[in-house]
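Please look slowly at the model shown here, and keep the sequence beside it as you read. The paragraphs that follow go from one pair of side chains to the sheet around it, and then to the chain as a whole.

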Amino acid sequence: MLRRLLPFFLLLLMSCIDPVDTDLNTQRKHLVIEGYFTNEASLNYVRLSYSQPHSSPYNEFEEKAVVTVTSNEGQWHLFSYDKAGYYYPTGGGEAIGVPGQTYTLNITVGDQLYQSEPVVMKEPIAIDSVQFEVAEQTFAFPGEREQQLLPGYNVLVDYSDPAEEKNFLRWSFTTQYEVRTQPQDYIHPFTGLPAPKECCVQCFLEERLEQLKVIDDRLTNGKQVLRQNVLFLPFEKYLGVKNKLTLYQHSITEEAYNFFRILEQQKLATGTVFDPPPAEVKGNITSVNNENEQVIGFFDVSGVSTRKVTILRNDIDYPIAPFRFPDDCRVMKNANLGIPEDW
């Protein structure tokens with residue numbers, strides 16, 4: 001009897017579902033602010049863009065803002081526009097923060113003023129050592145959506161956590177590396193026939209690797225932390241010849257920790273019923289002129305410690321297949337022929 005009635009019940013349920021007409025083009029435009037200020041000049045920038053309707057194929061950036069970072073101690077740093085929404089300090093290496101001081105981000109767009117909450121720069125926690133271990137992990141190269149299982153290095157750090165205080169950490173990285181490609185194997189995309197190129201085989205690339213990984217010291221307060229996994233670096237492309245990796249260990253505020261932790265959870269969500277429900281991502285920037293305006297973003301102030309390491313392909317005790325890129329290496333993003341200084 002139940003088997004006979006089940007299709008009837010399903011039909012009733014289906015007939016009660018109304019189609020939802022969602023007009024994605026009516027989505028309001030919001031200013032999106034990404035700001036970083038540290039004691040390391042090369043890491044300091046502000047990026048301004050606008051949230052776009054789902055149907056829009058283009059990014060929109062704010063190019064005419066007045067951007068400053070001020071301190072409670074009277075310091076004043078002006079940021080100037082470069083490209084793709086990025087603003088960099090006009091003072092270059094002089095525009096750095098001092099641990100213990102308090103900083104505020106100020107942005108003027110037309111007659112609108114946006115301002116962050118004052119943020120205290122925390123003292124950096126030194127990286128004691130860096131180690132590597134061979135591992136396999138799903139990974140997607142920048143610009144690619146599809147992840148694949150690749151062998152590579154887990155990058156591990158040791159550090160001493162200061163006692164009797166809450167500490168929160170995140171990491172970012174820059175990498176310079178050499179690639180060798182196969183322009184002689186180039187295939188013309190329209191004819192499908194071999195069309196060897198004469199140049200170029202050897203190129204040098206530089207990338208900034210931003211990670212959302214953050215930790216707190218709830219279980220490690222005052223202890224020596226050993227082999228904390230902070231990055232996966234695949235052998236393919238990055239470690240085919242030589243890689244100079246710079247690690248930045250950021251001492252962040254609890255508010256920044258909560259912001260990046262929620263972003264990390266949402267990025268790693270797989271879309272199953274076992275995922276935690278999405279939490280609201282709260283920034284620390286508001287509109288001074290209109291308290292009801294929604295402003296998306298965060299101003300992160302952190303004390304940074306730095307460690308540089310060099311990895312040679314010949315030092316890796318693992319069978320690595322040669323990097324395959326049958327084209328002129330100069331077509332790779334950020335590639336150039338010039339050998340970096342101190343290479």
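With which residue does glutamate 133 form a salt bridge? In this predicted model, the partner of glutamate 133 is arginine 227, and the closest N and O atoms of the two side chains are 2.8 Å apart. The two residues belong to distant parts of the chain, for glutamate 133 sits in strand S10 (residues 129-139) and arginine 227 in strand S14 (residues 224-234), with their positions 94 residues apart in the sequence. Glutamate 133 has a relative accessible area of 30% and is therefore partly exposed, and arginine 227, at 42% relative accessibility, is counted as partly exposed as well. Behind such a pair stands a simple idea, namely that side chains of opposite charge can pair when their charged atoms come close.

The strands that carry these two residues also appear together in a sheet. This open sheet is made of 3 strands, which follow one another in the order S10-S11-S14 with antiparallel pairing. Strands S10 and S14 are its edge strands, since each of them pairs on one side only. If the direction of the strands is ignored, neighbouring strands of the sheet are turned against each other by 30° on average. Between strand S11 (residues 148-160) and strand S14 the pairing is antiparallel and runs over 8 bridges. To find one place where these strands face each other, look for glycine 152, which stands opposite proline 234 in S14.

How many salt bridges are there in the count for the structure? The count comes to 8 salt bridges, and among them is the one between lysine 29 and glutamate 60, whose closest N and O atoms are 3.2 Å apart. Lysine 29 is found in the loop between helix H1 (2-15) and strand S1 (31-38), while glutamate 60 is in strand S3 (residues 60-61), so this salt bridge ties together parts of the chain that are 31 residues apart in sequence. Lysine 29 counts as partly exposed because its relative accessibility is 48%, and glutamate 60 falls into the partly exposed class at 29%.

Another salt bridge joins the side chains of arginine 180 and glutamate 178, with a distance of 2.8 Å from N to O. Here the two partners fall into separate classes of accessibility: arginine 180 is partly exposed at 41%, whereas glutamate 178 is buried at 5%.

Covalent links between cysteines come next, and the structure holds 2 disulfides. If the bonded cysteines are numbered in the order in which they occur along the chain, the pairing reads 1-2, 3-4. One of the disulfides joins cysteine 199 to cysteine 200, with an S to S distance of 1.3 Å in the model. The torsion about this S-S bond is about 45°, so the disulfide of cysteine 199 and cysteine 200 is right-handed. Cysteine 199 is partly exposed, with a relative accessible area of 28%, but cysteine 200 is buried, with 7%.

The other disulfide runs from cysteine 203 to cysteine 329, and the S to S distance is 2.0 Å. Which parts of the chain does this pair tie together? Cysteine 203 lies in strand S13 (residues 202-216) and cysteine 329 in the segment after strand S17 (296-312), so the disulfide connects parts that are 126 residues apart in sequence. The torsion about the S-S bond of cysteine 203 and cysteine 329 is about 65°, and the disulfide is therefore right-handed. Cysteine 203 counts as buried because its relative accessibility is 0%, and cysteine 329 is buried too, with a relative accessible area of 0%.

It remains to step back and consider the whole chain, whose secondary structure comes to 2 helices and 17 strands. Of the 343 residues in the chain, 39% are buried. The surface that the chain exposes is about 20400 Å², and carbon and sulfur atoms supply 52% of that area. Among the contacts in the chain with a separation of 6 or more, 72% are accounted for by residues 24 or more positions apart. The salt bridge from glutamate 133 to arginine 227, with which this walk began, links parts of the chain 94 residues apart, and the disulfide from cysteine 203 to cysteine 329 ties together parts 126 residues apart.

Conventions. Residues are numbered from 1 along each chain as its sequence is written. This is a predicted model: local features need pLDDT of at least 70, side-chain atom pairs count only at pLDDT 80 or more; totals for chains, interfaces and linings use all residues. Side-chain values use heavy atoms; hydrogens and water are left out. A salt bridge is a side-chain nitrogen of Lys or Arg within 4 Å of a carboxyl oxygen of Asp or Glu. Helices (H or I, at least four residues) and strands (E, at least two) are DSSP runs, numbered from the N terminus. Buried means under 20% relative accessible area, exposed over 50%, partly exposed in between (1.4 Å probe, protein chains only). A disulfide is a pair of cysteine sulfur atoms within 2.5 Å. Two strands pair if DSSP finds at least two bridges between them. Axes are lines fitted to C-alpha atoms, for helices over the stretch in contact, and angles run from 0 to 180 degrees between N-to-C directions. Contact means heavy atoms within 4.5 Å. Accessible areas come from the Shrake-Rupley method with a 1.4 Å probe; for residues, only the protein chains shown count as cover.
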